[in-house]
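Hi,

Here is the structure I promised to pass on. Have a look at it first, and then read my notes underneath.

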Amino acid sequence: MARSEMLQIGVIGAGAMAQSFVRGAVGSGFVSPSAIRVNNRQNEQHLEAFRAIGVCAQRDKAVLCRDARVILLAVKPKDAEQALAELRPHVGPEHLVVSLMAGIPLRFIESRLGGAVRVVRAMANTSSAVRESATAVAGGSRASARDIQQAVALLSALGPVLIVDEESLDAVTALAGSGPAYVYLLLESLIQAGSHVGLSDDVARQLALQTVYGAARMLVETQSRPEELRRRVTSPGGTTEAALQILEAAGFRDALVQAISRAKERSMELGIPFRKE
């Protein structure tokens, strides 16, 4: 992606998602480190991580907003109310606010920022650090089609972006936002199982990582459906069929459905205090 020389970005928050976003955006070449300012209330160690890649830590929100035209909100939901209150005096119609705050509705953000601030809500995941995030965006009441496309262009530096309605974002959070953790748990289990059947930890790890990577790449590059590729590698009476029978009997599919359903419920629960507007 070509670098956007004119775009100035202010990032509110310096946690894992903010770091993933900045590393991905800089690593992709979409913006230079000097075009980003990061504001964080208290964690100096987090700010040092940004300084290490040439990004400026800006303590003054007024200065950050004065210089930026895109404001990325990447604070935890529990800190949303305070962060928005502190931001309100410094944002206006000239700003596009992109929220990465899980569970915080667009209506709440707009009401707290006031005026004609344009807001786009996004859900990404931590794979943005290697520019492979699965991200979805939804526009607020004042966001134009151009605003949404600008958010898509910015977040495309981190991986593919889909445009959805806001009602879908809790489900997006459950599937894609939390999704890397499910894959990491699968890998932990594969490595543990490999060790259990006699492989060294190192060999089990290398085989598990490449297997998951190769399977995902096959799906992406062939555009095949997962069930089609699964059938191709499942010979009747073979080892794969024997293994899949165990997983099915153990409720593998149902466990995933229940886990993602619970994650969606939790995303909705986190947003309840902010929907009473």
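Below is what I found, going from the whole protein down to single residues.

First, the caveat: this is a predicted model. The protein contains 12 helices and 8 strands, and its C-alpha atoms fill a box of roughly 65 × 40 × 35 Å along the principal axes. Of the 277 residues, 40% are buried. About 15000 Å² of the protein is exposed, with carbon and sulfur atoms supplying 57% of that area. If you take the contacts between residues at least 6 apart in sequence, 65% of them join residues at least 24 apart.

Now the sheet. It is an open one made of 8 strands, and the order is β3-β2-β1-β4-β5-β6-β7-β8, with mixed pairing. At the edges you'll find β3 (56-57) and β8 (161-163), each of which pairs on one side only. Helix α7 (residues 169-177) packs on the sheet, where it touches β6 and β7, and its direction makes about 40° with that of β6.

Strand β6 is a good place to see the mixed pairing up close. On one side, 4 bridges join β5 (residues 96-99) to β6, and these two run parallel; Ser99 has Arg121 as its bridge partner in β6. With β7 (residues 135-139), β6 (residues 118-123) also shares 4 bridges, but here the strands run antiparallel. In that pairing, Val120 has Gly139 as its bridge partner.

How many of the residues of β6 are buried? The count is 6 of the 6, so β6 is largely enclosed by the rest of the structure. In a regular strand, side chains alternate between the two faces of the sheet. In β6, Arg118, Val120 and Ala122 point one way, while Val119, Arg121 and Met123 point the other way. Both sets are buried, the two arginines included.

Follow the chain out of β6 and you come to Arg131, which sits in the loop between β6 and β7. Arg131 isn't a glycine, yet it has a positive phi of about 60°. Its relative accessible area is 37%, so Arg131 counts as partly exposed.

There is a second residue to check for the same kind of backbone angle. Gln223, also not a glycine, has a positive phi near 60°. Where does Gln223 lie? Its place is in the loop between α9 (201-222) and α10 (226-232), and the positive phi comes just after α9. Gln223 is exposed, because its relative accessibility of 67% is over the 50% cut-off. Helix α9 itself has 22 residues and reaches 31 Å from its first C-alpha to its last, close to the 32 Å expected at 1.5 Å a residue.

Last, the aromatics. The count comes to 1 aromatic pair, formed by Phe108 and Phe274. The arrangement is edge-to-face, at 4.9 Å centre to centre with 75° between the planes. This pair links distant parts of the chain: Phe108 belongs to helix α5 (residues 106-113) and Phe274 to helix α12 (residues 252-275), and they are 166 residues apart. Are these rings' residues buried or exposed? Phe108 is buried, with a relative accessible area of 1%, and Phe274 counts as buried too, at 11% relative accessibility.

If you open the model, I'd begin with β6 and its partners β5 and β7, and then go on to the pair of Phe108 and Phe274.

Cheers

Notes
Residues are numbered from 1 along each chain as its sequence is written. This is a predicted model: local features need pLDDT of at least 70, side-chain atom pairs count only at pLDDT 80 or more; totals for chains, interfaces and linings use all residues. Side-chain values use heavy atoms; hydrogens and water are left out. Two strands pair if DSSP finds at least two bridges between them. Contact means heavy atoms within 4.5 Å. Axes are lines fitted to C-alpha atoms, for helices over the stretch in contact, and angles run from 0 to 180 degrees between N-to-C directions. Rings of Phe, Tyr and Trp (its six-membered ring) pair if their centres lie within 6.5 Å; planes under 30 degrees apart count as stacked, over 60 as edge-to-face and the rest as tilted. Buried means under 20% relative accessible area, exposed over 50%, partly exposed in between (1.4 Å probe, protein chains only). The expected span of a helix is 1.5 Å times one less than its number of residues. Accessible areas come from the Shrake-Rupley method with a 1.4 Å probe; for residues, only the protein chains shown count as cover.
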